[in-house]
Every structure is written in C-alpha cells, then in structure tokens.
Amino acid sequence: MSPTTLARRVKVGRLNSVESDRLVALIAVFEQALYLFENDVAAATGWISTPVRGLGSKRPLDMISKRVETNAVLDLIGQLERGARVRFDRRLAGLLS
C-alpha cells in the first residue's frame, strides 16, 4: 500500500475489505515467522522480505495477496519448524547417548 493510500485510510479510519484481508494475512505470516525464528524480529523480517527457494524464489511478503499463496507460506513455515525440531531432537539424542 502506498504511503498516500495509507494516509487516506488513517484519515477515514478504516481499510477496505481487500486491504483488511491482506493485513490479516501479513499478521498471520509474521507471527508464524516470529515463532520460527524464536522471536527474533530482524530474522523474521529478513526472511519475509527475501526470496525463498521453497516458494519458487518468491518473497513471502509478495505472497499475502492471495489466500492460497498465504497458505503456502504458512505451510512452508510449518515444515521448516518441524524440520528444525527434528534436527534439534537428533542432536540432543546424540549428546545424551
């Protein structure tokens, strides 16, 4: 959204339905990215703003305009989280054995 459009929306006090949907999608993706990066805001912001191979080299930020693409981003975050947990569990098992 351009700064001019944002200023108009602030003046009116509301977003249109498309803008509201995008904001909700952005919040959902950012919350999950924060969880993935253990509340590291800089890392989560950087990941959202960088092309990701698992998303066809698209930036997650560019994929929040369509629900199906937002779901693809959230699915990838879930896969990355599960993969990180498996690697950690294996590393921990190796330390304990």
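Here's a quick briefing on the fold, a helix pair and a few individual residues in this chain.

What you're looking at is a predicted model. The chain has four helices and zero strands, so reading from the N terminus the elements simply go α-α-α-α. Most of the notes below deal with α2, its partner α3, and the loop that joins them.

**Overall picture**

- Of the chain's 97 residues, 23% count as buried.
- The chain exposes about 7,100 Å², and carbon and sulfur atoms account for 57% of that area.
- Take the contacts between residues at least 6 apart in sequence: 34% of them link residues at least 24 apart.

**Helix α1 and what follows**

- Helix α1 covers residues 3-12, and just one of its 10 residues is buried, so this helix lies largely in the open.
- Just after α1 comes G13, with a positive phi of about 90°.

**How α2 packs on α3**

- Helix α2 runs over residues 17-36 and helix α3 over residues 41-48.
- The two pack at an angle of about 125°, and their axes are 9 Å apart.
- Angles between 115 and 145 degrees fall in the oblique class, and α2 and α3 are therefore oblique to each other.
- As for handedness, the crossing of α2 and α3 is right-handed.
- On the α2 side, the residues in the contact are V29, F30, A33 and L34; on the α3 side, they are V41, A44, T45, W47 and I48.
- Sorted by class, this α2–α3 contact has eight nonpolar residues, one polar and no charged ones.
- A general point helps when reading those residue lists: an α-helix has 3.6 residues a turn, so positions three or four places apart point the same way.

**The loop between α2 and α3**

- E38 sits in the loop between α2 and α3, and its phi is near 50°, a positive value in a residue other than glycine.
- E38 has a relative accessible area of 70%, which is over the 50% cut-off, so E38 counts as exposed.
- N39 is found in that loop between α2 and α3 too, and its phi is also positive, near 65°, again in a residue other than glycine.
- With a relative accessible area of 62%, N39 is exposed.

**Q32, on helix α2**

- Q32 belongs to helix α2 and counts as partly exposed, because its relative accessibility is 36%.
- Leaving out residues up to four places away in sequence, Q32 touches L74 and I77.
- The Q32 and I77 pair is 45 residues apart in sequence, yet the C-alpha atoms are 6.9 Å apart in space.

**T70, on helix α4**

- T70 lies in helix α4, which spans residues 67-96.
- T70 has a relative accessible area of 7%; buried means under 20%, so T70 is buried.
- Setting aside its neighbours within four places in sequence, T70 is in contact with A25, V29, M63 and I64.
- V29 is worth a second look: V29 is in contact with T70 and is also one of the α2 residues that meet α3.

Note on methods:
Residues are numbered from 1 along each chain as its sequence is written. This is a predicted model: local features need pLDDT of at least 70, side-chain atom pairs count only at pLDDT 80 or more; totals for chains, interfaces and linings use all residues. Side-chain values use heavy atoms; hydrogens and water are left out. Axes are lines fitted to C-alpha atoms, for helices over the stretch in contact, and angles run from 0 to 180 degrees between N-to-C directions. Angles under 35 degrees count as roughly parallel, over 145 as roughly antiparallel, 65 to 115 as roughly perpendicular and the rest as oblique. A crossing is left-handed if the near helix is turned anticlockwise from the far one by less than a right angle, and right-handed if clockwise. Contact means heavy atoms within 4.5 Å. Ala, Val, Leu, Ile, Met, Phe, Trp, Tyr, Cys and Pro count as nonpolar, Asp, Glu, Lys and Arg as charged, and the others, Gly among them, as polar. Buried means under 20% relative accessible area, exposed over 50%, partly exposed in between (1.4 Å probe, protein chains only). Accessible areas come from the Shrake-Rupley method with a 1.4 Å probe; for residues, only the protein chains shown count as cover.
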